[in-house]
Amino acid sequence: MAFDHYIQIERVEKLTKKEFIENYYKPQKPVIMTKQIEDWPAFSKWNFDFIREVAGNKTVPLYDSRKTDYTKKVNEPDFTMTMSEYIDILEKGPTDLRIFLYNLMKDVPLMKSDMHWPRLGIRLLKSMPLVFFGGQNAKVFMHYDIDFPNIFHVHFEGQKQCVLVDPKETKYMYRLPYSWLCNEDIDFDNPDFERFPALRKVKPYITTLNHGEMLYMPEGWWHYMKYLTPGFSLSLRSLAGRPSNLWKGFANVAIIRYYDNWMRKRKGQEWLDYKDAESIRRTNAELETSE
């Protein structure tokens, strides 16, 4: 059974710097801009044929839908292959193989001329334009980003469903200790409210992104992505604006992920089992306190 109610993310055509800062950045509210990038060359150029042409020989990192493997480090890919081989798989039919956090423009610098950095009042990290690809029905586990960035997420090719959750509801999200993932046994298309009862308290936001649409995701917001058709997205990010989030992001990147990697190596599957059980114990205890 899906969530009883979803909040539709607000959609606008374009925003000025003032409108974005006052109405969305300051209150940390998500929004979709449907016509913000129509002046980018990428709007008409970027599709699978173009990517195959300019990056077909590049080796890309791939992830599947399996739960975290204790033998791998945080964000270590499951496979690699060339971009052409991967696009061939995407075009043949449904697949759970995804490209995640790949700096394609570092390998193909000419693509930078096809985009314009949004001038909406936040300083974006120009060294980190990251791309994400997925096949039909591929899913990304519900998570928030390790460094608490503000993100402009621009989609190309087909459709992608995005489910977001306000960080104020983290206490109900069965977050894994020493991590920025929720319990990976949760199916956010069909959550098990008997096993994970605190999810009944969650009020998720939802939208479907189409080609050329840009989603603003505020810092620390949970997000679950599902590719309704094969497609890819470009994420442009800034540092966290709130000092508390900036500090938490630094701690995640510089300390916590290395501790998690060390514990995986030291304890193996026992460490991951502990995190699963602890996420349920802590969240259900929080639920009892709130009722």
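The paragraphs below go through the pockets, the salt bridges and one annotated span of this structure. The model is a predicted one.

A natural starting point is the annotation. A UniProt record, an unreviewed entry, gives residues 97-257 the feature "domain: JmjC". In this model, helix makes up 12% of that span and strand makes up 32%. The C-alpha atoms at the two ends of the span are 24 Å apart.

Next come the pockets. Rolling a probe the size of a water molecule over the atoms shows where empty space is left. The largest pocket holds about 1,100 Å³ of space. Its lining consists of 50 residues, and those closest to the centre are Tyr63, Val74, Asn75, Phe100 and Leu181. Several elements give two or more residues to this lining, among them strand 6 (98-102), strand 7 (130-134), strand 8 (139-143) and strand 9 (150-156). Strand 13 (222-227) and strand 14 (231-238) also belong to that group, as do helix 6 (243-267) and helix 7 (269-290). Helix 7 is the element that gives the most, with five residues. Sorted by class, the lining has 22 nonpolar residues, 20 charged residues and eight polar ones.

The second largest pocket has a volume of about 490 Å³. There are 26 residues in its lining, and Phe148, Pro167, Gly220, Asn245 and Lys248 are the ones nearest the centre. Here helix 6 supplies the largest share, six residues. The lining is made up of 12 nonpolar, seven polar and seven charged residues.

The charged side chains lead to the next topic. Side chains of opposite charge can pair when their charged atoms come close. The structure has 21 salt bridges, and three of them are followed here in turn.

In one of them, Asp88 pairs with Arg52, with 3.1 Å between the closest N and O atoms. This pair joins distant parts of the chain, since Asp88 sits in helix 4 (residues 83-92) and Arg52 in helix 3 (residues 48-55), 36 residues apart. Asp88 counts as partly exposed because its relative accessibility is 35%. Arg52, at 23% relative accessible area, is also partly exposed.

Another bridge connects Asp189 and Lys139, whose closest N and O atoms are 3.0 Å apart. Again distant parts of the chain are linked: Asp189 lies in the loop between strand 10 (160-165) and strand 11 (205-209), whereas Lys139 lies in strand 8, and 50 residues separate the two. Asp189 has a relative accessible area of 23% and is therefore partly exposed. Lys139 is partly exposed too, at 33% relative accessibility.

The third bridge is between the side chains of Arg264 and Asp260, at 3.0 Å from N to O. Both residues belong to helix 6, and because they are four residues apart, about one helical turn separates them. Are these two residues buried or exposed? Residues under 20% relative accessible area count as buried. Arg264 has 8%, so Arg264 is buried. Asp260 has 2% and is therefore buried as well.

Some salt bridges share partners, and through them Asp49, Arg52, Asp88 and Glu91 are joined into one network. The pair of Asp88 and Arg52 described above thus has both of its residues in this network.

Terms used. Residues are numbered from 1 along each chain as its sequence is written. This is a predicted model: local features need pLDDT of at least 70, side-chain atom pairs count only at pLDDT 80 or more; totals for chains, interfaces and linings use all residues. Side-chain values use heavy atoms; hydrogens and water are left out. On a 1 Å grid over the protein atoms alone, a cavity is a set of points where a 1.4 Å probe fits but cannot get out, and a pocket is an open set with protein on both sides within 12 Å along at least five of seven lines; lining residues have an atom within 4 Å of a point. Grid points are joined across faces, edges and corners, and a volume is the space filled by probe spheres set on the points. Ala, Val, Leu, Ile, Met, Phe, Trp, Tyr, Cys and Pro count as nonpolar, Asp, Glu, Lys and Arg as charged, and the others, Gly among them, as polar. A salt bridge is a side-chain nitrogen of Lys or Arg within 4 Å of a carboxyl oxygen of Asp or Glu. Buried means under 20% relative accessible area, exposed over 50%, partly exposed in between (1.4 Å probe, protein chains only). UniProt positions are given in the numbering used here, feature names are shortened, and annotations may be inferred rather than shown by experiment.
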